[in-house]
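Visitor: I should be grateful for a close look at one part of this chain, beginning with a loop and working outward to what surrounds it. Please take it step by step, as I am in my first year.

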Amino acid sequence: MIIETRAVEPFLKNGYVLGCEATREGVVIDPGDEVDLLLRAVEDHGLTIRYILLTHAHLDHVTGVADAKNALGAPVGLHRADNLLYEQVVQQGLMFGLRVQPQPAVDFFYDGQGPWEFGRHEAWVYHTPGHSPGGVCVAVGRKGNADRTLFVGDTLFAGSIGRTDLPGGDHATLLASIRNVLFQYPDPTVVHSGHGPATTIGREKRTNPFLI
Ligand SMILES: [Zn+2]
Ligand SMILES: [Zn+2]
């Protein structure tokens with residue numbers, strides 16, 4: 001599977017382009033201020049993007065949705081419990097002293113549906129609240145194969161966990177999401193976070209100071 005990661009100042013939030021090498025279908029995850037770089041990666045790989053999937057609706061993860069949707073024509077998915085945050089993206093920007101453009105309405109809520117398919121791969125979405133009410137983990141793998149690669153948004157980081165002091169955040173809920181959803185995956189499972197480097201489930205189980 002093609003995995004391209006891009007991040008830019010000020011949030012250094014990771015946006016992702018995933019693609020199927022065989023069919024050149026793909027998905028984009030969390031387009032933010034780095035959206036132009038993501039679109040270039042889509043073009044470089046010759047991908048047709050089927051879906052734009054959002055892990056949650058904090059502004060750093062959604063400021064590129066309008067540009068991505070205009071360029072790619074793909075529907076945008078979000079967990080229903082983060083839609084209020086999503087609709088308040090302009091106000092979120094004001095909290096950080098940033099001018100943010102309103103974003104187009106999402107096209108579908110996950111609502112326990114799925115998988116969302118791109119070529120020979122499929123993305124399953126699991127609710128992992130705590131950092132935000134509608135945070136999700138996007139678990140991606142080949143059809144007919146149990147191995148998954150996780151895109152966890154701001155729930156879990158290499159050596160850290162998501163902040164829970166923003167509206168709708170809750171520390172105990174976040175820990176429960178990590179233990180009950182993310183830590184159910186095998187140790188070698190690769191984890192791509194919303195910020196910073198990738199890690200694995202096993203490494204975080206052994207070394208993450210918030211979880212050991
Ligand atoms: Zn966040
Ligand atoms: Zn973030």
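**From a loop to its sheet and helices**

Guide: Leu12 lies in the loop that links strand E1 to strand E2. The model in view is a predicted one, and every value below is to be read in that light. The backbone at Leu12 deserves attention, since its phi is positive, about 45°, although the residue is not a glycine. As background, most residues other than glycine have a negative phi, and most peptide bonds are trans. Leu12 has 14 C-beta neighbours inside 10 Å, and therefore counts as partly exposed. To be called buried, a residue needs 20 or more such neighbours.

The loop holds a further feature. Pro10 is also found between strand E1, residues 2-6, and strand E2, residues 15-19. The peptide bond that leads from Glu9 to Pro10 is cis, and its omega is near 0°. The loop between E1 and E2 thus contains a proline that follows a cis bond and a leucine with a positive phi.

Let us now follow the two strands into their sheet. E1 and E2 belong to an open sheet of six strands, whose order is E1-E2-E3-E4-E5-E6 and whose pairing is mixed. E1 and E6 are the edge strands of this sheet, each pairing on one side only. In general terms, the strands of a sheet pair through backbone hydrogen bonds, either parallel or antiparallel. For E3 and E4, the sense is parallel: five bridges join E3 to E4, the latter covering residues 48-53. Within this pair, Gly26 stands opposite Ile49 of E4.

Beyond strand E3, residues 25-29, the chain has a loop before helix H1, and Asp30 is placed there. Asp30 resembles Leu12 in one respect, for its phi is also positive, near 55°, and it is not a glycine. Their surroundings are described by separate terms: Leu12 is partly exposed, whereas Asp30 is buried, with 30 other C-beta atoms within 10 Å.

The helix after this loop, H1, lies across E1, E2, E3 and E4, and its direction makes about 10° with E2. Helix H2 packs on the sheet as well, touching E3, E4 and strand E5, residues 76-78. The direction of H2 makes about 155° with that of E4. E3 and E4 are thus touched by H2 and are also among the strands that H1 lies across.

The two helices pack against each other. H1, residues 35-44, and H2, residues 65-72, have axes 9 Å apart and an angle of about 25° between them. H1 and H2 are therefore roughly parallel to each other, an angle under 35 degrees being what that term requires. The crossing in which H1 passes H2 is right-handed. Val35, Leu38, Leu39 and Val42 are the H1 residues that meet Asp67, Ala68, Ala71 and Leu72 of H2. Sorted by class, this contact has seven nonpolar residues, one charged residue and no polar residues.

One of these contact residues, Ala71, merits a separate word. Ala71 is placed in helix H2. With 18 C-beta neighbours inside 10 Å, Ala71 counts as partly exposed, since the limit for buried is 20 or more. The C-alpha atom of Ala71 is separated by 9.9 Å from that of Ile49, and the two residues are 22 residues apart along the chain. Ile49 has been met already: in E4, it stands opposite Gly26.

A last remark concerns the strand at the far end of the listed order, E6, and what follows. Pro115 is placed in the loop between strand E6, residues 108-109, and strand E7. The peptide bond from Gly114 to Pro115 is cis, with omega near 5°. The loop between E6 and E7 therefore invites a comparison with the loop between E1 and E2, as each holds a proline that a cis bond precedes, while most peptide bonds are trans. E7 itself belongs to another open sheet of six strands, ordered E7-E8-E9-E10-E13-E14. E7 and E14 stand at its edges, each with a single partner strand, so one side of each is left without a neighbour in the sheet.

Note on methods: Residues numbered from 1 in each chain as written. Chains lettered and ligands numbered in written order. Predicted model: local features only at pLDDT ≥ 70, side-chain atom pairs only at ≥ 80, totals over all residues. Pairing = 2+ DSSP bridges. Helix = DSSP H or I, 4+ residues; strand = E, 2+ residues; numbered from the N terminus. Axes fitted to C-alpha atoms, helices over the stretch in contact; angles between N-to-C directions. Parallel < 35°, antiparallel > 145°, perpendicular 65-115°, else oblique. Left-handed = near helix turned anticlockwise from the far one by under 90°. Contact = placed C-beta atoms within 7 Å. Nonpolar A, V, L, I, M, F, W, Y, C, P; charged D, E, K, R; others polar. Buried ≥ 20, exposed ≤ 12 C-beta atoms within 10 Å, placed from the backbone.
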